[in-house]
Structure formats: structure tokens, C-alpha cells
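Here is a quick walk through a protein model for anyone meeting it fresh. Have a look at the structure first, and then we'll go through it piece by piece.

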Amino acid sequence: MAEPTSTPIYDDQGRELIVKVEGLQKYFGKNHVLKGIDLQVFKGEVVVLIGPSGSGKSTFLRCLNFLEDPTTGEIGIGGVHVTCGSHGGRFKQDVHQIRMKCGMVFQEFNLFPHKDAIENVIEGPVLVKGEKKDAAIKKGQALLTKVGLADRMDFFPSQLSGGQKQRVAIARAMAMDPVLMLFDEPTSALDPELIGEVLKVMKDLASQGMTMIVVSHEMGFSRDVADRVVYMDDGYFIEQGPPSEVFFHPKDERTKRFLRHILPEKDPRHAKELGIIAVEEELPEPDAAPLQAPVGAALNEDNLADNALPRIPLSDGPSGELPLPPGGEEL
């Protein structure tokens, strides 16, 4: 059987279409997870998927490279087209071609624990693509240097921090020369101080023209890097557009409700710009009485009676003596 070929697709503006998804459906038994997804992504575009847990974001990524078998729909990546739910040798070949065109970075790194960094990076090119080991090592060293790990090439995963392991995972995905990079919440398993080093590598990839689909709640990354943000809920793409539009002028009530919860926690500056608050109650009017007196108000004359030291009782003592006023005690 002939080896499948890739045929680039261009729109009327001359942009190369890297991803084309039409009517994608996914069932897990009776659970309808993806409900007719349509998406186009052009070369060099960065698309960020946001939405609540369970909305189908990770399942969508895993269907794109057939880690999960989509139930029905059409998927085209890098000029290779597959009708989901098909069977046969040609279908399997096309699925293999799509997998070769996609690099994926997971939440939990998924490195081989018994192999050092460079061995993890060259595993795919040598075993799957049949590259010569010497050439794969040379390319792997260049990629690890690119992600800032030139001094960690012979370190095993147990000797690396979470951020370093995730950067090895990115280098490993890039070693397959993908046309599309998929990131499934790549910073969610990292300590806060390590998130920045991974996002920097992702920003560098985006600036170099890598086509990317990213599932993430890192709103700063989405604002600075994404060409398009897609809000997903209950298996549907609810709303999409540039970050400035989706974050600051959301149209759908479900998008607004999600942003009210996520932005104050993840990006207080955005929350302020959007005029939303982390609690459901309305803030008091500016001229209303303050909810709490200013610091030091207990010393003001108006508050002295309520907040100063308690008054000394004026009842007679056990022997009929009166208490002395403060400061007038004599031994």
C-alpha cells in the first residue's frame, strides 16, 4: 500500500491550514463528551482552550492525535485527513501520520525514569522515525540547550525539578519535528516558582512560529501569547476570539460566569479591569459608610468609650475601700 502523502491546504489569504476539525464527536459509553466541535488553526497560530474541569478540553486534545479514538467527525492535521470511526489499513496509516505530526506535552511529564534527559529526548526519533543515533543525539543536545538544560543532559528524572522535567518533555516532543504542539495544562503539576520557566519556553516556541493548541488556566500566558482564546463548556466551543475580546468583552453568560471565578484568583489585574470581584455580593457604594473603621480608629474620641481599656469598677472592695483612680496608686 502506498505511503500516505501530506497535501498542504491554504485559504484565500494564503495562510496554511494546519488543523481542520469538523463535527468532532466523542462518546465514552453513554457519556457524550464532545458534541460537534469545529476548529481551524493556521500555521504559526497559538490557540488557548479555557473552561471548567470536565468540559472536554483534554479529551479534545487527545482526540486530535488519536490517543483517544474519536467517535465521529473529520480531523485534518498537516495535510493528512482522517474520517473518524473508519477502519482498515489506510485509516491506520493516516492516523500514524497524524501522530507523527503532533508533539504532545502532558501534565505529568511521562518521562522514562530509567533514562537520562538526552536518552528520553532521542527515544522517539530513533525508534519511531528511524533516525541514526548520532544524529538524534546531536539534535537532542541542541534542543535541551534551547530549553535551558545544557548542564542537565545526563541527569535522570529523579534528579530534576518539576520544571526541568517538563522542559525535557517539551524537548522530547520537539525532537519529532512536529507541525503542531499540543499542551495539556503543562504547568498544573508544578510548584508556583517553577511555572515561569516552562511558560518562557512555550513563549519562545510561539515567537519562533510553532503552531500550538494549549489547555491552560495561565491567564497571563493567554493574554500575552495567544492569538485566539476558546472558551469550552459541556463539550461545546461556546465562544472564541482574541484574548482582549474574550477576557474583557465576553458575550456569552457562561463565559462571563467562568471568568468571574477564574480571573480574580489567577490574575487580579484582569479582574480589576473587568470590574468583577471574587465574591458574589455587590461592593458597597463609594459614599456608603465603611465596613471597617480605619486602623487606629479605636484611639479616636468617638470610639474611646467603646474600644479603650475597660472602665475600673466603682463598687466598694471587700473591706469597704474605694478603688484608686489609674495612676494614683500608693504602696
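Strands β10 and β11 make a hairpin, with two residues between them. One residue in that turn, D234, has a positive phi of about 55 degrees. The two strands run antiparallel and are paired over five bridges. If you want a spot to start looking, find V229, which sits opposite G241 in β11.

Keep in mind that this is a predicted model. Its mean pLDDT is 83, and 77% of the residues get to 70 or more. Residues 270–315 are another story, with pLDDT below 50. Beyond near neighbours in sequence, that stretch has 34 contacts in the model.

Zooming out, the protein has eleven helices and eleven strands. Of its 331 residues, 44% are buried. About 18500 Å² is exposed, and carbon and sulfur atoms supply 52% of that. If you take contacts between residues at least 6 apart in sequence, 62% of them join residues at least 24 apart.

Now for the inside. Nonpolar side chains tend to be buried together in soluble globular proteins. Here the largest nonpolar core has 50 residues, and I50, L144, I170, F183, M202 and M212 touch the most other members. Helix α6 gives this core its largest share, eight residues. Another core lies apart from it, with 33 residues that include L24, I75, L182 and F237.

I50 also leads back to the hairpin: setting aside neighbours within four places in sequence, its contacts include V229, V230, Y231 and M232. Others on its list are K57, S216, M219, F247, F258 and L259.

A few of the elements mentioned in this report, with their residue ranges:

| Element | Residues |
|---|---|
| Helix α3 | residues 117–127 |
| Helix α5 | residues 162–174 |
| Helix α6 | residues 192–207 |
| Strand β10 | residues 228–233 |
| Strand β11 | residues 236–241 |

What do the buried residues of α3 pack against? They pack against α4 (133–146) and α5. The buried set in α3 is A117, I118, N120, V121, I122, G124 and P125.

Helix α5 also holds Q166. Is Q166 buried or exposed? It counts as buried because its relative accessible area is 0%, and the cut-off for buried is under 20%. The Q166 side chain reaches the backbone oxygen of P186 at 2.7 Å. Not counting residues up to four places away in sequence, Q166 touches V105, F106, Q107, F109, P186 and V198.

Key:
Residues numbered from 1 in each chain as written. Predicted model: local features only at pLDDT ≥ 70, side-chain atom pairs only at ≥ 80, totals over all residues. Heavy atoms only, no water. pLDDT = per-residue confidence, 0-100. Contact = heavy atoms within 4.5 Å. Helix = DSSP H or I, 4+ residues; strand = E, 2+ residues; numbered from the N terminus. Buried < 20%, exposed > 50% of the residue type's maximum accessible area, 1.4 Å probe, protein only. Polar contact = N/O pair within 3.5 Å; in protein donor to acceptor, adjacent residues only side chain to side chain. Pairing = 2+ DSSP bridges. Areas by Shrake-Rupley, 256 points an atom, 1.4 Å probe, with all protein chains shown as cover. Core = buried A, V, L, I, M, F, W, Y, C linked by side-chain atoms within 4.5 Å.
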